[in-house]
Structures are given as structure tokens and as C-alpha cells.
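Open the model in your viewer and keep the selection box at hand. The tour goes stop by stop.

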Amino acid sequence: MPLKKKPGAVQIKGFGTDINVILSIDAAFPDIERDLIRKLEKSRHYLAGNDIVLDARQRNLSEEESQKLDMI
């Protein structure tokens with residue numbers, strides 16, 4: 001039976017011409033920052049020219065956290 005991979009702090013999913021960046025509710029913010037940077041760098045050619053939509057789900061981001069994500 002194959003093992004199910006645990007989702008990371010950030011998931012990137014394509015929907016039409018939009019790219020959704022989905023943040024984990026349970027992950028610590030530094031883990032989200034690190035995972036987002038790694039995934040964006042790895043997928044930069046795929047993501048270029050597409051609209052990116054941040055989906056924080058039920059996670060409440062502080063103003064500082066929102067600003068840090070905007071800078072990434």
C-alpha cells in the first residue's frame with residue numbers, strides 16, 4: 001500500500017490561468033515562508049506570467065505576516 005505524502009506548509013495548485021498558493025493552517029509561519037520561497041524558486045518558469053492567488057484558508061495572518069508574504 002503506497003504511503004500518503006504529508007502536505008507541506010504551502011501547496012501550489014493551478015486552476016485555469018490562475019495559480020493558487022494554499023497555506024497550511026497548522027504550520028508555523030517561518031515554515032510557510034521557507035516552503036513558499038523554495039517552491040516559488042523551483043517553479044518560477046511555470047509560474048511566470050500567471051496570476052497568483054493567496055489562499056490562507058482559515059489561517060489568520062497578522063499585518064506583518066501579510067507584508068512578508070507580499071515581499072516574497
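The stops below cover strands, a core, one acidic side chain and salt bridges.

**Ground rules**

This is a predicted model, in which local features need pLDDT of at least 70 and side-chain atom pairs count only at pLDDT 80 or more, while totals for chains, interfaces and linings use all residues. Residues are numbered from 1 along each chain as its sequence is written, and side-chain values use heavy atoms, with hydrogens and water left out.

**Stop 1: the strands**

Select residues 18-23. This is strand β2. Strands (E, at least two residues) and helices (H or I, at least four) are DSSP runs, numbered from the N terminus. Is β2 mostly covered or exposed? Mostly covered: five of its six residues are buried. Buried means under 20% relative accessible area, exposed means over 50%, and partly exposed lies in between (1.4 Å probe, protein chains only).

Add residues 10-15, strand β1. Two strands pair if DSSP finds at least two bridges between them. β1 and β2 pair in the antiparallel sense, over six bridges. Pick Gln11 and look across to β2: Ile22 stands opposite. Now go to the hairpin of β1 and β2, with two residues between the strands. Gly16 takes a positive phi there, near 65°.

Next, add residues 51-55, strand β3. β2 and β3 run parallel and are joined by five bridges. Pick Asn20 and find its bridge partner in β3, Val53.

**Stop 2: the core**

Which residues make up the largest nonpolar core? Select Ala9, Val10, Val21, Leu23, Ala27, Phe29, Ile32, Leu36, Ala56 and Leu69, ten residues in all. A nonpolar core is a set of buried Ala, Val, Leu, Ile, Met, Phe, Trp, Tyr and Cys residues joined through side-chain atoms within 4.5 Å. β2 and helix α1 (29-42) are the elements that give two or more residues to this core. α1 gives the most, with three residues.

Center on Ala27. Leaving aside neighbours within four places in sequence, Ala27 is in contact (heavy atoms within 4.5 Å) with Ala9, Ile32 and Arg59.

**Stop 3: Glu65**

Select residues 63-71, helix α3, and pick Glu65 in it. Glu65 is buried yet has no salt bridge. A salt bridge needs a side-chain nitrogen of Lys or Arg within 4 Å of a carboxyl oxygen of Asp or Glu. The nearest side chain of opposite charge is Arg59, 4.8 Å away. For charge, Lys and Arg count as positive and Asp and Glu as negative; His and the chain ends are not counted.

What does the side chain of Glu65 reach? The backbone nitrogen of Ser62, at 3.0 Å. Glu65 also touches Phe29 and Asn60, not counting residues up to four places away in sequence.

**Stop 4: the salt bridges**

How many salt bridges are there? The count comes to five. Three of them follow, including their N to O distances.

- Arg34 and Asp31: 2.4 Å. They are three residues apart in α1, so about one helical turn separates them. Arg34 is exposed at 53%, and Asp31 is partly exposed at 34%.
- Asp35 and Lys39: 3.6 Å. Both lie in α1, four residues apart, about one turn of the helix. Asp35 is buried, with a relative accessible area of 9%.
- Glu64 and Lys68: 3.6 Å. Both lie in α3, four residues apart, about one turn. Lys68 is partly exposed at 34%.

Finish by selecting Asp35, Arg38 and Lys39 together. Salt bridges that share partners join them into one network.

Key:
A polar contact is a pair of N or O atoms within 3.5 Å; within protein, one must be able to donate a hydrogen and the other to accept it, and residues adjacent in sequence count only if both atoms are side-chain atoms.
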